[in-house]
Amino acid sequence: MTVEVAFLLVLLVVPLFYLVGTLGRVQAGAYAASAAAREAGRAFATADSVDAAPGRALAAAGLVYSAHGFEDGEGSVTTGCEGPCLSPGGRVVVDAAVSVPLPLVPDFMEGAVPTSIMLTARHTEPVDEFREAG
């Protein structure tokens with residue numbers, strides 16, 4: 001009986017640990033994409049000039065991605081404006097994406113099963129109505 005219990009315990013617990021680890025990493029990616037879009041939008045909307053805004057947005061998103069454990073190149077951010085950029089009452093639209101690699105998937109199985117999951121988020125940040133037009 002002890003051998004059967006030990007065998008079943010290993011058979012059930014190992015996949016459970018893999019599932020919990022994978023779901024935790026995917027959830028971290030979802031939080032990272034959402035937070036990166038939000039923080040990039042805030043950084044863009046509060047920039048002093050249109051020339052400095054994209055750099056601020058990329059830096060803010062990079063900090064969020066690194067805080068969630070993602071390396072350079074795994075996350076990306078694109079920004080755009082609805083109406084004239086950084087004008088009072090305008091809107092900044094940010095799309096963020098992060099590629100979450102699935103753990104323990106061997107490279108030779110790349111064609112049969114996905115080795116990563118792409119997660120995306122979109123955030124629209126309003127520009128302050130009382131901002132000086134620049």
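This is a short talk that walks through one predicted model, from its strands and core out to its surface.

Okay, hi everyone. Before anything else, please keep in mind that what you see on the screen is a predicted model. Let's start with the strands.

Strand β1 covers residues 75-82, and β1 pairs with β2 in the antiparallel sense, over 8 bridges. If you want a place to put your finger, find G75, which stands opposite V98 in β2. Now look to the other partner of β2. The pairing of β2 with β3 is antiparallel too, and it runs over 11 bridges. So how enclosed is β2 by the rest of the structure? Largely enclosed, because 8 of its 11 residues are buried. As a general reminder, side chains in a regular strand alternate between the two faces of the sheet.

While we're on β2 and β3, have a look at D95, which stands opposite R122 in β3. The side chains of these two, R122 and D95, also meet in a salt bridge, at 2.6 Å from N to O. R122 sits in strand β3, residues 116-126, and D95 sits in strand β2, residues 91-101, so this pair ties together parts that are 27 residues apart in sequence. Are these two partners buried or exposed? R122 counts as exposed, because its relative accessibility is 61%. D95 is at 26%, so D95 counts as partly exposed.

How many salt bridges are there in the model? The count comes to 4. Let me show you two of them that meet at E39. One goes from E39 to R38, where the closest N and O atoms are 3.5 Å apart. The other goes from E39 to R42, with 3.3 Å between the closest N and O atoms. E39 and R42 are both in helix α1, 3 residues apart, and that's about one turn of the helix. R42 counts as partly exposed, at 39% relative accessibility. E39 is partly exposed as well, at 26%, and R38 has a relative accessible area of 30%, which also makes it partly exposed. Through shared partners, salt bridges join R38, E39 and R42 into one network. The general idea here is that side chains of opposite charge can pair when their charged atoms come close.

Now for the inside. Which residues of the largest nonpolar core touch the most other members? They are Y65, V77 and V98, out of 25 residues in that core. At least two residues each come from α1, α2 (that's 53-67), β2 and β3. The largest share, 8 residues, is supplied by α1. And in general, nonpolar side chains in soluble globular proteins tend to be buried together.

Let's zoom in on Y65. Setting aside its neighbours within four places in sequence, Y65 is in contact with a list of residues that includes A32, A33, A36, F70, V77 and V98. G75 is on that list as well, and you'll remember G75 as the residue opposite V98.

Next up is A57, in helix α2. Is A57 buried or exposed? Its relative accessibility is 1%, so A57 counts as buried. Leaving out neighbours within four places again, A57 is in contact with A40, A43, F44 and T79. For a sense of distance, take A57 and V26, which are 31 residues apart along the chain: their C-alpha atoms are separated by 23 Å.

One oddity to point out is L86. You'll find L86 in the loop between β1 and β2. L86 isn't a glycine, yet it has a positive phi of about 60 degrees. It's also buried, because its relative accessible area is 4%.

Last stop, the surface. F7, L8, L11 and L12 form a nonpolar patch there, and together they have about 440 Å² of accessible area. F7 is in helix α1, which covers residues 2-45. Why does F7 count as exposed? Because its relative accessible area is 55%, and the cut-off for exposed is over 50%.

So, to pull it together: β2 pairs with β1 and with β3, α1 gives the core its largest share, and F7, L8, L11 and L12 make a nonpolar patch on the surface. That's my tour, thanks for listening.

Technical notes:
Residues numbered from 1 in each chain as written. Predicted model: local features only at pLDDT ≥ 70, side-chain atom pairs only at ≥ 80, totals over all residues. Heavy atoms only, no water. Patch = residues over 30% accessible without salt bridge, like charges linked within 9 Å, V, L, I, M, F, W, Y side chains within 5 Å. Areas by Shrake-Rupley, 256 points an atom, 1.4 Å probe, with all protein chains shown as cover. Helix = DSSP H or I, 4+ residues; strand = E, 2+ residues; numbered from the N terminus. Buried < 20%, exposed > 50% of the residue type's maximum accessible area, 1.4 Å probe, protein only. Pairing = 2+ DSSP bridges. Core = buried A, V, L, I, M, F, W, Y, C linked by side-chain atoms within 4.5 Å. Contact = heavy atoms within 4.5 Å.
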